[in-house]
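Here's a walk through the strands, rings and one charged side chain of this chain. Have the sequence and the 3D view open while you read.

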Amino acid sequence: QVQLVESGGGLVQAGGSLRLSCAASGSTFSRNAIGWYRQAPGKRRELVAAITSGGSTNYADSVKGRFTISRDNAKNTVYLQMNSLKPEDTAVYYCAAGRELTTMSYRWDYWGQGTQVTVSS
């Protein structure tokens, strides 16, 4: 069993930065892939970034070059550094834990409760 708690969301102006954290409980964290998803009002939840247990990363085209996902297994935490934020990045951001099935294909077993990110223009 893995429990995930997101933090770091908030209100920021366009062009600003935020760093989200996903803190996980459980001894299997280092073996899990971790993904960050977001869901804006009226839209489907979408994968923003993912990192495997081996450190391979994957990003949505809309955030490439602006967002960076990283993990600290000693702290059981995954981070999402978000730079050059745009109003369209406004959403609830969720982290998920699971495993990579094939390259850039995942099965997510656990989800956090989400943290709100609002980018004003």
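Let's start with an open sheet of 4 strands, ordered E1-E3-E8-E7 and paired antiparallel. Because strand E1 (4–7) and strand E7 (67–72) each have a single partner strand, they stand at the edges, and one side of each has no neighbour in the sheet. On average, neighbouring strands here are turned by 15 degrees against each other, ignoring direction. Keep in mind that this is a predicted model.

At the E1 end, the partner is strand E3 (residues 18–24), and the two pair in the antiparallel sense over 4 bridges. If you want a spot to click on, try Leu4, which stands opposite Ala24 in E3.

## Strands around E9

Now move over to strand E9 (residues 91–102), which runs antiparallel to E4 and is joined to E4 by 7 bridges. E9 also pairs with strand E11 (residues 115–120) and with E10, again in the antiparallel sense in both cases. The table sets out these pairings, with an example of residues facing each other in each.

| Strand pair | Bridges | Residues opposite each other |
|---|---|---|
| E4 and E9 | 7 bridges | Trp36 and Cys95 |
| E9 and E11 | 3 bridges | Val92 and Gln116 |
| E9 and E10 | 6 bridges | Glu100 and Tyr106 |

E9 and E10 form a hairpin with 2 residues between the strands, and that's where the backbone does something worth a look: Met104 takes a positive phi near 60 degrees.

## The rings

How many aromatic pairs does the structure hold? There are 3 of them. In one, the ring centres of Tyr37 and Trp108 are 6.1 Å apart and the planes sit at 90 degrees, so this pair counts as edge-to-face; the cut-off for that label is over 60 degrees. The two rings come from distant parts of the chain, with Tyr37 in strand E4 (residues 33–39) and Trp108 in strand E10 (residues 105–111), 71 residues apart. Both Tyr37 and Trp108 are buried.

Zoom out a little and you'll see that ring pairs link Tyr37, Tyr106, Trp108 and Trp111 into a cluster. Tyr106 has already turned up above, as the residue in E10 opposite Glu100. Trp111 has company of another kind too: Arg45 lies over the face of Trp111, at 4.8 Å from the ring centre. Elsewhere you can find a like arrangement, with Arg71 over the face of Phe29 at 4.9 Å from the ring centre.

## Arg38

One more residue deserves a stop. Arg38 is found in strand E4, the strand that also holds Tyr37. Is Arg38 buried or exposed? With a relative accessible area of 6%, Arg38 is buried, given that the cut-off for that word is under 20%.

Which side chains does Arg38 reach with polar contacts? One is Ser62, at 3.4 Å, and another is Tyr93, where the side chains come to 2.9 Å.

Beyond those, and leaving out residues up to four places away in sequence, Arg38 touches a list of residues that includes Arg44, Arg45, Glu46, Phe67, Glu88, Asp89 and Val92. Some of these names should be familiar by now: Arg45 is the residue over the face of Trp111, while Val92 has Gln116 of E11 as its bridge partner.

Notes: Residues numbered from 1 in each chain as written. Predicted model: local features only at pLDDT ≥ 70, side-chain atom pairs only at ≥ 80, totals over all residues. Heavy atoms only, no water. Pairing = 2+ DSSP bridges. Axes fitted to C-alpha atoms, helices over the stretch in contact; angles between N-to-C directions. Phe/Tyr/Trp six-rings, centres within 6.5 Å; stacked < 30°, edge-to-face > 60°. Buried < 20%, exposed > 50% of the residue type's maximum accessible area, 1.4 Å probe, protein only. Lys NZ or Arg CZ within 6 Å of the ring centre and 35° of its normal. Polar contact = N/O pair within 3.5 Å; in protein donor to acceptor, adjacent residues only side chain to side chain. Contact = heavy atoms within 4.5 Å.
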